[in-house]
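Hello,

Here is the structure we talked about. Please look at it first, then read the notes underneath.

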Amino acid sequence: MQSFFYEIGKFWLFIRLVFRKPEKAKVYYQRFLDECVAIGINSLGIVSIMSLFIGAVITLQTAYNIDSPWIPLYTVGFTARQSIILEFSPTIISLILAGIVGSKISSEIGTMRISEQLDALDIMGVNSAAFMVLPKIFGAIFMFPFIIIISMFLGLMGGFIFGVITGAVSEYEYVYGIQYWFNPYSVQYALTKTVAFAFIITTISSYFGYYVSGGSVEVGKASTKGVVVSSILILLANYQLTQWLLL
Amino acid sequence: MIAIKNISKSFGDTQVLKNITFDFFPGKVNIIIGQSGSGKSVLSKCMVGLLEPTAGQVLYGGVDFYSLNNRERMNIRKEIGFLFQYSALFDSLTVEENVMFPLRMFTDWSLEQMKDRVNFCLKRVNMENKNHLYPAELSGGMKKRVGIARAISMNPKYLFCDEPNSGLDPQTSILIDNLIEEITHEFNITTVVITHDMNSVIEIGQNIMFIYKGENWWQGGKEDIIKTNNKEINDFVYASKFMQTLKDKLAGN
C-alpha cells in the first residue's frame, strides 16, 4: 500500500516536471509534429483494418441475432452505430493504441534512459522529461480524436459493405438505421473520452519508461507494465467518464 | 575552475563518497581515478547535478551549483560538455543533427551558422564528411569522437569525460586521449576525465585525484603517481604484471 502511494506521488511529480516551460518553443513544435506522425499516422493502418472488420462483425452478429419479425431490420444499422460510436471506436481502439503506442513510448524512453541519452539531455540543460514526453502528450491528444473519427467511419462502412454483400441487411435499412435517432452528443462524448485516454496512455507509458533502471529486460518489463496499467486506467476512466457524461 | 568541497553521498545506509575536496583547474586535464565501485562515477554525477550530494558544495567559478534554482542550474549546465562512457548519441539523429542539437536548443543561430559550427567541430575531431551517418553506422571510436564534437559544440567551459577509452583498442584510445588533451589546451577548458585506464593517466593526466573507498586518498601529477609509495595507489597502478615488471626495471635502472 505504501509503495502504491509512493508511485502515485512520484507520478504527479513526474507530470509536474513534464509540464514545465519548454526551453525553446520552436524545437518543441517540431517534436510535436514528429510525434503526430509517429503516434497518429503510423497507427492508422492497423486501426483501419480492425475498424473495418469489427464493424462488419458487429453488423452481421446483430443481424444474425434478430430473428423476430417485430424488430425492424434498420435496428442492425442503429445497433452497429451505437456500438461503434459509443464503445468500440473510443474505448476498444484506445486499448489497442495503448498496446501499440504505449509500448512504443515506454521502450523508446526506457532505451534512452539505459543508454544515458536522457542523462545527456539533462546535462545539456534540457528538461528531458518535458522534451521527451510533452510533445507525445499533445501529439496523442491532437491525433487520437482524428483516428477515432476515422475508426467510426470505417467501422460503419465495414458494417455497410459486409452487411449488404452478405444480404444480412439492405442498403436502405442500414443507412436508415445509422441515421435513426442520432444524437450528435454521442460523438462529443466519444471524443471527450478519447482525449482522456490519450493523456492516460502517453503519461503512464512515459512514466514507466522514464524511470527504468537496468537493461533491456527492465525496458521490456516497463513496456509491459505501461500497457497493463494504462489499459486498466482506461477501463476505470471509461466507467467514470460514462457516468459523468451520460448520466 | 571547478572546486568540490566536502562532498559526501550516501545511498540509504551506504556511504559512497566521504568528504571529498578537490580543485579542477582550467586548461588542464584533471583526472579522477579509482577502482570500479570506488565512487568516481557517483562523484562525477554529483558534480554535474545528476545526483544530489548528501553534503558538500560543487563550485563552478565560485558559484555553488546546489544553492541555485533550477533555471540557474540550467544556465551552468549549458556551459558543461559531457562525453559519456557509451557516447549517448541520440539514435534517431544523424551525426550532424547530434552535434547540432545543443545549438538548436540554446542558440538563435541560422541553419547556415549552425552547420558551419557543426562542420568545424566534426573537423576538429577528424570526422568531417560523416555528417549524414547515424550512430548505428559508426564504430566505437567514431562515436566517441562525435560525442566529443557534440560536447564542445557550445564552446563549453567545462568538459567531463566518463571512461573515454572504455571499449576502444589501444591505438584509438591514444587518439581519443590526445584529442581530449588538445581540446583542453586549445579552448582552455576545465576538463575532468573519469577513468581507470592507467595509460590515459600517464598519457594526459596533469592533476590527478585517486579515490579509494569513497575518499580522496591521494592527489598529484602523473610523475608523482609513478613515484609515490602509497600502497593503495601502487596496488592500483601496478596491478598488471606488465606494469609491475616495468616498475621493477625502472627501479633497477
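**Strand β7 of chain B and its surroundings**

In β8(B), the residue that B:F160 has as its bridge partner is B:V192. Please keep in mind that this is a predicted model.

That bridge belongs to a longer pairing: β7(B) and strand β8 (residues 190–195) of chain B run parallel to each other, joined over five bridges. Strand β6 (residues 80–83) of chain B also pairs with β7(B) in the parallel sense, over four bridges. There, B:L83 has B:C161 of β7(B) as its bridge partner.

Helix α6 (residues 170–187) of chain B comes in as well: together with β7(B) and β8(B), this helix makes a right-handed β-α-β unit.

Is strand β7 (residues 158–162) of chain B mostly covered or mostly open? The strand is mostly covered, with five of its five residues buried. In a regular strand, side chains alternate between the two faces of the sheet. In β7(B), B:Y158, B:F160 and B:D162 lie on one side, while B:L159 and B:C161 lie on the other. Both of these faces are covered, and the residues named are all buried.

**Where the chains meet**

The contact draws 13 residues from chain A and 15 residues from chain B. On the side of chain A that touches chain B, helix α5 (residues 117–124) of chain A gives the most, with six residues. Sorted by class, that side of chain A has five nonpolar, three polar and five charged residues.

Regards

Conventions:
Residues are numbered from 1 along each chain as its sequence is written. Chains are lettered from A and ligands numbered from 1 in the order in which they are written. This is a predicted model: local features need pLDDT of at least 70, side-chain atom pairs count only at pLDDT 80 or more; totals for chains, interfaces and linings use all residues. Two residues are in contact if their C-beta atoms, placed from the backbone, lie within 7 Å. Helices (H or I, at least four residues) and strands (E, at least two) are DSSP runs, numbered from the N terminus. Ala, Val, Leu, Ile, Met, Phe, Trp, Tyr, Cys and Pro count as nonpolar, Asp, Glu, Lys and Arg as charged, and the others, Gly among them, as polar. A residue is buried if 20 or more other C-beta atoms lie within 10 Å of its own, exposed if 12 or fewer, and partly exposed in between; C-beta atoms are placed from the backbone. Two strands pair if DSSP finds at least two bridges between them. A crossover is right-handed if, with the strands pointing away from the viewer, the path from the first strand over the helix to the second runs clockwise.
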